[in-house]
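This report describes a single protein model, its strand pairing, its second largest pocket and selected residues. Please consult the sequence and the coordinates alongside the text.

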Amino acid sequence: MFGTFTFVYRLNQKKLKKVQTQEDMPATNLRTFTYKELEAITGEFKEEIGGGAFGTVYKGVLGTENEKLVAVKKLNKAVNEGEQEFKAEISAIGRTNHKNLVQLLGFCNEGQQRLLVYEYMSNGSLAGYLFGNSRPNWYQRMQIAFGTARGLYYLHDECKNQIIHCDIKPQNILLDECFRARISDFGLAKLLKTDQTQTTTAIRGTKGYVAPEWFKNLPITVKVDVYSFGILLLEIVCCRRTFEVDAKEECQMILTDWAYDCFRERKLDLLVENDQEAMDDIKRVEKFVMIAIWCIQEDPSLRPTMKKVTQMMEGTVEVSIPPDPVSFISSI
C-alpha cells in the first residue's frame with residue numbers, strides 16, 4: 001500500500017513539474033519537445049555537427065513525411081543557470097521571421113535539460129566556406145555580406161524588442177542550400193526592453209570581434225554588433241581570418257591594421273591578390289573596405305547603424321572617407 005502511494009505521489013510530482021515547466025515558458029508558436037523526443041530525433045545525440053563553449057549541436061531528423069533535417073543544440077549546464085535569459089531568448093527569437101536568420105523551431109526545457117531545435121543548414125558555417133582550401137567566388141561573398149547586414153538590421157530595428165546579437169563571427173553565420181547567409185547562435189544575445197537603447201553586462205563575444213567599449217566600462221548598444229560586422233566584412237572581402245600569425249609580412253598579421261594601411265596607401269589590390277573577380281570589381285572592394293573601416297571605429301558614435309550600412313552597401317547612401325579607426329584614443 002505504502003509502495004503504491006509512493007509511486008503515485010512521485011508520478012504526480014513528475015507530471016506537476018512538467019506542467020509547471022511548460023506553463024512557465026513564454027507563449028510562442030514554437031514546438032515544445034521532451035528530452036526523450038530529442039534523443040530519438042538525434043539518434044541519442046549521435047552525430048555532432050558543431051559546438052562551442054555554450055553547447056554542442058547535433059544533427060537530427062523530425063519524423064514527418066518530408067523527413068525534415070534539424071540541428072539540435074544541447075546547452076551546457078553552465079548555461080542553465082541563466083533561466084530567465086533562456087526564457088527571454090525563446091520569447092524573442094521564437095517570434096523573429098527573416099530570411100537571413102536561422103529559424104528556431106522548438107525547444108526543450110525539462111528538468112536540468114535546455115535544448116534548442118533549429119532548422120538545419122546544409123552548407124555549414126561561413127568559417128568553413130571562407131577559410132577552406134578553395135576561395136568562394138566574389139559574387140557569393142558579396143551576397144553573404146549583404147544577407148548578414150540585412151539580418152542584423154532586422155534584429156536591431158525591425159523586431160518588437162531590439163536584439164543585440166553580441167557574437168557575430170563567421171562560425172555563427174550559417175549557409176543554407178542556396179548559400180544564403182543565416183545568422184545563428186543567439187546564446188549570448190542581449191534583449192532590450194521596448195524603451196531601452198543601451199545596457200550594461202559582462203563581456204560577451206569572441207576575441208578578435210569584440211568591440212572596444214566592452215573593455216571601457218561604457219554602455220553596450222547595437223554598435224557592438226556593427227563593430228563585429230566590420231571585422232566580418234573585411235574577412236569576407238579578403239578571404240582570410242582577422243589574425244594570421246603566418247602572414248607573409250608582419251604588417252599583414254592583423255587584418256584591420258593592414259586593410260586600413262592598404263586603403264590609405266591606395267594599394268587595395270594587395271587585399272584581394274590572386275582573386276581576379278574581386279580585382280575586376282575593385283571599386284566595390286574599395287567601397288566595402290571603407291564601410292568596414294567605418295564599422296570598426298573605436299568611438300561607437302562614429303559607427304553607422306546597420307540600416308545605414310545596408311544602404312551604403314546597396315548604393316543608396318554614399319560612403320564618405322573613413323578616419324583611422326583607432327584615431328579616437330580614449331581618455332575616459
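Two strands are said to pair if DSSP finds at least two bridges between them. Helices (H or I, at least four residues) and strands (E, at least two) are DSSP runs, numbered from the N terminus. The model is predicted: local features need pLDDT of at least 70, side-chain atom pairs count only at pLDDT 80 or more, and totals for chains, interfaces and linings use all residues. Residues are numbered from 1 along each chain as its sequence is written, and side-chain values use heavy atoms, with hydrogens and water left out.

## Overall composition

The protein contains 11 helices and 10 strands. Among its 332 residues, 48% count as buried, where buried means under 20% relative accessible area, exposed over 50% and partly exposed in between (1.4 Å probe, protein chains only). The exposed surface amounts to about 17,600 Å², of which carbon and sulfur atoms supply 49%; accessible areas come from the Shrake-Rupley method with a 1.4 Å probe, and for residues only the protein chains shown count as cover. Contacts (heavy atoms within 4.5 Å) with a separation of 6 or more are formed to 63% by residues 24 or more positions apart.

## Strands around E5 and E6

Strand E5 (residues 104-110) and E6 are joined by six bridges and run antiparallel. Together E5 and E6 form a hairpin with two residues between them, and Gly111 in the turn has a positive phi of about 60°. Strand E6 (residues 113-119) also pairs in the antiparallel sense with strand E4 (residues 69-75), over five bridges. On its side, E5 pairs in the parallel sense with strand E1 (residues 31-32) over two bridges. Six of the seven residues of E6 are buried, and six of the seven residues of E5 are buried as well. The table gives residues that stand opposite one another in these pairings.

| Residue | Opposite residue | Strand of the opposite residue |
|---|---|---|
| Leu104 | Tyr118 | E6 |
| Gly106 | Val117 | E6 |
| Val70 | Glu119 | E6 |
| Thr32 | Phe107 | E5 |

## The second largest pocket and helix H8

Rolling a probe the size of a water molecule over the atoms shows where empty space is left. A pocket, on a 1 Å grid over the protein atoms alone, is an open set of points where a 1.4 Å probe fits, with protein on both sides within 12 Å along at least five of seven lines; lining residues have an atom within 4 Å of a point. The second largest pocket has a volume of about 530 Å³. Its lining comprises 22 residues, and the closest to the pocket centre are Arg240, Lys248, Gln252, Trp258 and Leu270. By class, the lining holds 10 nonpolar, two polar and 10 charged residues.

Which helix gives the most to this lining? Helix H8 (residues 255-264) does, with three residues. Seven of the 10 residues of H8 are buried, so the helix is largely enclosed by the rest of the structure. These buried residues are Leu255, Thr256, Trp258, Ala259, Tyr260, Cys262 and Phe263, and they pack against H7 and helix H10 (282-295). After H8 comes Arg266, with a positive phi near 60°.

## Individual residues

Most residues other than glycine have a negative phi. Cys166, in the loop between strand E7 (163-164) and strand E8 (173-175), nevertheless has a positive phi near 75°. The residue is buried, with a relative accessible area of 5%. Cys239 likewise has a positive phi, about 55°, although it is not a glycine. Cys239 is found in the loop between helix H7 (223-238) and H8 and, at 16% relative accessibility, counts as buried.

Is Gly132 buried or partly exposed? At 38% relative accessibility, Gly132 counts as partly exposed. Gly132 belongs to the loop between helix H5 (126-130) and helix H6 (138-158). The C-alpha atoms of Gly132 and Arg240 are separated by 9.7 Å, with their positions 108 residues apart along the chain.

His156 lies in helix H6 and is buried at 4% relative accessibility. Leaving aside neighbours within four places in sequence, His156 is in contact with Gln162, Ile163, Val222, Asp225 and Met306.

Key. Points joined across faces, edges and corners; volume = space filled by probe spheres on them. Nonpolar A, V, L, I, M, F, W, Y, C, P; charged D, E, K, R; others polar.
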